[in-house]
Amino acid sequence: MTPSPFKHTLWRALGSRLFACTPHTAHKFRRRLLGAFGASLTGNVKIRRSVRIDRPWHLSAGHLTIFGDSATLRLCEPITIGQRCVISQHAILATEMLDPLTGETTSAPITIEDDCWIAADALVLPGTTVHAGTVVGARALVAQDLPGWTVAVGEPARGIKPRTFANAG
């Protein structure tokens, strides 16, 4: 959904500033504010007031998803986040980037499936999918799709081990 130029200007001039000035525990108000600007937030999504969102109408997040302090969402294309996910502090999800060699801009949507954790200071690049249950380690660079139920680290991020549960079954 592309908003009217008025709505875009209203978000940049008023909505994003109001979002940043809300009380620490005002998650419900921030959800409603983002919803008024077109975000699709299902259930109890918690978004810290220091999260930077440039185009909320491209954001979709599922129940029990949490966005940590100073996370940055650059939403030129849609970002879809499943249920029970954590986007940790200072993580960056960018649906648009400039190619330093050609000078051209590329943009593509990002999908993060259910039960994922994007750890602190990680960078998720355009066109990637983080499949269900994946943990992306701190400071990792996600440049390609990551398989489900793995722990992924590094630059570029790659799965180093499967994610298992000690008391499962």
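Trainee: Where is the place of Thr-150?
Mentor: Keep in mind that this is a predicted model. Look for the strand numbered 150–153. Thr-150 has its place in strand β18.

Trainee: Is Thr-150 buried or exposed?
Mentor: Start with the cut-off: buried means under 20% relative accessible area. Thr-150 has a relative accessible area of 12%. That value is under the cut-off, so Thr-150 is buried.

Trainee: Which residues is Thr-150 in contact with, leaving aside neighbours within four places in sequence?
Mentor: Take them in sequence order. One group is Gly-133, Thr-134 and Val-135. The other group is Lys-161, Pro-162 and Arg-163.

Trainee: Which residue has its backbone oxygen 3.1 Å from a polar atom of the side chain of Thr-150?
Mentor: Polar contacts are pairs of N or O atoms within 3.5 Å. Here the distance is 3.1 Å, and the backbone oxygen belongs to Pro-147.

Trainee: In which sense do β18 and β19 pair, parallel or antiparallel?
Mentor: Strands of a sheet pair through backbone hydrogen bonds, in one sense or the other. Check the partners across β18 and β19. Thr-150 stands opposite Pro-162, and Val-151 has Lys-161 as its bridge partner. One number rises while the other falls, over four bridges, and the sense is antiparallel.

Trainee: Which residue in the turn between β18 and β19 has a positive phi?
Mentor: These two strands form a hairpin. Four residues lie between them. The one with a phi of about 100° is Gly-154.

Trainee: What is the bridge partner of Val-136 in β18?
Mentor: β18 also pairs with strand β16, residues 135–136. That pairing is parallel, over two bridges. In β18, the partner of Val-136 is Ala-152.

Trainee: Which are the edge strands of the five-strand open sheet?
Mentor: Read the order: β3-β6-β9-β14-β17, with parallel pairing. An edge strand here pairs on one side only. At one end, β17 pairs with β14 over two bridges, with Leu-141 as the partner of Leu-123. The edge strands are β3 and β17.

Trainee: Which residues have the most contacts inside the largest nonpolar core?
Mentor: This core has 37 residues. Elements that give it two or more residues include α1, α2 and β12. Ile-112 touches, among others, Ile-81, Leu-93 and Val-130. The residues with the most contacts inside the core are Phe-67, Ile-81 and Ile-112.

Trainee: Where does α1 bend?
Mentor: α1 has 16 residues and reaches 22 Å, close to the span expected. There is still a bend of about 45° in α1. The bend is at Trp-11.

Trainee: Which residues of α1 are buried?
Mentor: In an α-helix, residues three or four places apart point the same way, because there are 3.6 residues a turn. What covers the buried residues of α1 includes α2, β2 and β3. The buried residues are Trp-11, Gly-15 and Phe-19.

Trainee: Is Gln-89 buried, exposed or partly exposed?
Mentor: Gln-89 sits in the loop between β8 and β9. Its relative accessible area is 38%. Buried needs under 20% and exposed needs over 50%. Gln-89 falls in between, so the word is partly exposed.

Trainee: How many Å apart in space are Gln-89 and Ile-118?
Mentor: In sequence they are 29 residues apart. Among the contacts of Gln-89 are Ala-120 and Asp-121. From C-alpha to C-alpha, Gln-89 and Ile-118 are apart by 9.2 Å.

Technical notes: Residues are numbered from 1 along each chain as its sequence is written. This is a predicted model: local features need pLDDT of at least 70, side-chain atom pairs count only at pLDDT 80 or more; totals for chains, interfaces and linings use all residues. Side-chain values use heavy atoms; hydrogens and water are left out. Two strands pair if DSSP finds at least two bridges between them. A nonpolar core is a set of buried Ala, Val, Leu, Ile, Met, Phe, Trp, Tyr and Cys residues joined through side-chain atoms within 4.5 Å. Buried means under 20% relative accessible area, exposed over 50%, partly exposed in between (1.4 Å probe, protein chains only). Contact means heavy atoms within 4.5 Å. The expected span of a helix is 1.5 Å times one less than its number of residues. The bend at a residue is the angle between axes fitted to the seven residues ending there and the seven starting there. A polar contact is a pair of N or O atoms within 3.5 Å; within protein, one must be able to donate a hydrogen and the other to accept it, and residues adjacent in sequence count only if both atoms are side-chain atoms.
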